[in-house]
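I opened this model to look up one metal site and one sheet, and I set down below what I read from each.

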Amino acid sequence: MNERSLFLPHRLLCIAIAMLLTSTCFAGVHADIAQPVTGHVDGYEDISVGEAYSLLSNTSNGIQIPIDVRTDSEWRSERIDTPYPEFPRHFPLSQLSGSGIQDFKARYGGQTIILYCKSGGRSSSAAQTLADSGFTGTLYNMEGGITAWKNAGYPTRAGNTAPDTPAQPAGPSSVHAGYQVSYTTTAADADGDPVRYGWDWDGDAIVDQWTDYHPEGTSTTAYQTWMQPGSYQVSVQSQDIVGDTSGFSPTLTVTVDDEENNAPTTPNIDGPSRGKAGEQHEYTFTVSDPDGDQVYIWVEWGGGCPAVQWRGPYDSGDVVTLTNTWNDTGTYLVRARARDIYNEQSDWGTLEVTMPFTHVYVDAWSAWSFIRAWFAGITGRQLLPPL
Ligand SMILES: [Ca+2]
Ligand SMILES: [Ca+2]
Ligand SMILES: [Ca+2]
């Protein structure tokens with residue numbers, strides 16, 4: 001046999017193996033697809049508006065992200081309505097090329113997507129483009145688009161009002177360089193749209209950091225680390241899912257120094273060290289921080305009582321009052337620790353509390369009195385002479 005005749009069967013074998021592998025992978029793809037109506041071999045599935053609605057109206061079947069691929073003006077004038085967190089997003093078909101595809105993958109890669117348009121044409125093009133580009137999530141094309149959606153009686157939203165301008169950001173106004181700190185904000189949206197927040201950390205009226213979308217009107221936290229000492233003007237704006245943006249909030253001036261941080265001091269716990277089981281007892285916890293930072297406190301009551309998880313912030317020197325009821329007699333170790341705005345934690349402060357046996361005695365005595373009264377009530381006689 002010459003070299004060529006040896007090579008030929010080897011090549012045929014390779015082709016056969018490749019075909020076998022392809023068909024195995026193909027079967028695997030189909031096994032992952034949830035109840036398609038009409039099969040597609042192109043890396044996406046067509047679903048009806050009814051199937052889309054049932055997927056989108058509950059989260060027990062996972063999260064699906066509806067994406068409207070129509071133009072900006074079509075999107076703004078009317079879009080499908082679905083509950084948070086499955087609210088529709090907008091990504092026009094015209095942007096699904098070149099770097100736009102990379103943007104799409106960065107935002108939605110690995111997720112389950114339901115593409116829709118006016119009647120299903122542009123969304124199937126978008127689905128094919130994404131499938132061809134190697135998109136890693138699951139792609140559905142909603143057949144009939146928003147037209148069929150409306151014909152089936154499913155809800156839509158029309159028009160839009162921009163979300164409210166947030167209030168001045170809440171958070172520390174004096175921080176150390178190089179330490180991460182957090183700020184919160186919120187804004188309502190008259191349409192009930194999800195809202196994201198754009199933070200300007202340096203007062204140039206240019207957003208430096210966008211949060212994810214959150215239900216409108218819920219407190220949302222962003223994290224920031226300033227590396228250089230100085231004075232910074234912090235403000236925030238809100239943007240709803242449709243794309244309309246509020247103005248910037250009033251600014252918060254933040255002074256950043258280059259000092260090292262110190263942990264808060266150990267909380268001082270004050271209150272009764274003896275008490276009665278089943279009754280409420282009040283304790284005070286004094287929290288402070290050598291740097292004057294605001295602090296949070298964590299309290300454990302012992303004996304299986306649920307901990308009072310981080311609560312605050314409190315100003316350094318504040319006295320926090322909390323109550324607890326131990327249902328059983330015994331000895332309990334109350335513990336509390338503080339953390340400052342940089343997550344530096346104090347040592348545990350402790351107080352031993354004893355609930356002696358008295359309340360069981362009182363209860364037994366009450367029960368005995370009750371039995372005596374009942375006996376006297378029905379017989380007219382004393383069960384035993386009174387003590
Ligand atoms: Ca809105
Ligand atoms: Ca900025
Ligand atoms: Ca501190």
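**Calcium site**

I began with the donor residues of the calcium ion (ligand 3), which are spaced in sequence as N-N-x26-D-x1-D-x1-D-x46-D. The model is predicted, so that local features need pLDDT of at least 70 and side-chain atom pairs count only at pLDDT 80 or more, while totals for chains, interfaces and linings use all residues. Residues are numbered from 1 along each chain as its sequence is written, chains are lettered from A and ligands numbered from 1 in the order in which they are written, and side-chain values use heavy atoms, with hydrogens and water left out.

I then listed the coordinating atoms, at 2.3 to 2.8 Å: Asn261 (OD1), Asn262 (O), Asp289 (OD) twice, Asp291 (OD), Asp293 (OD) and Asp340 (OD). Donors here are N, O and S atoms within 2.8 Å of the metal (3.2 Å for Na, K and Ca), and water is not among the atoms, so sites may look incomplete.

I looked up the accessibility of two donors: Asn261 is buried at 9% relative accessible area, whereas Asp291 is partly exposed at 26%. Buried means under 20%, exposed over 50%, and partly exposed in between (1.4 Å probe, protein chains only).

**Sheet**

I next traced an open sheet of four strands in the order S18-S17-S20-S21, with antiparallel pairing. Strands S18 (308-314) and S21 (349-355) stand at the edges with a single partner strand each, so one side of each lacks a neighbour in the sheet. Strands are DSSP runs (E, at least two residues), numbered from the N terminus, and two of them pair if DSSP finds at least two bridges between them.
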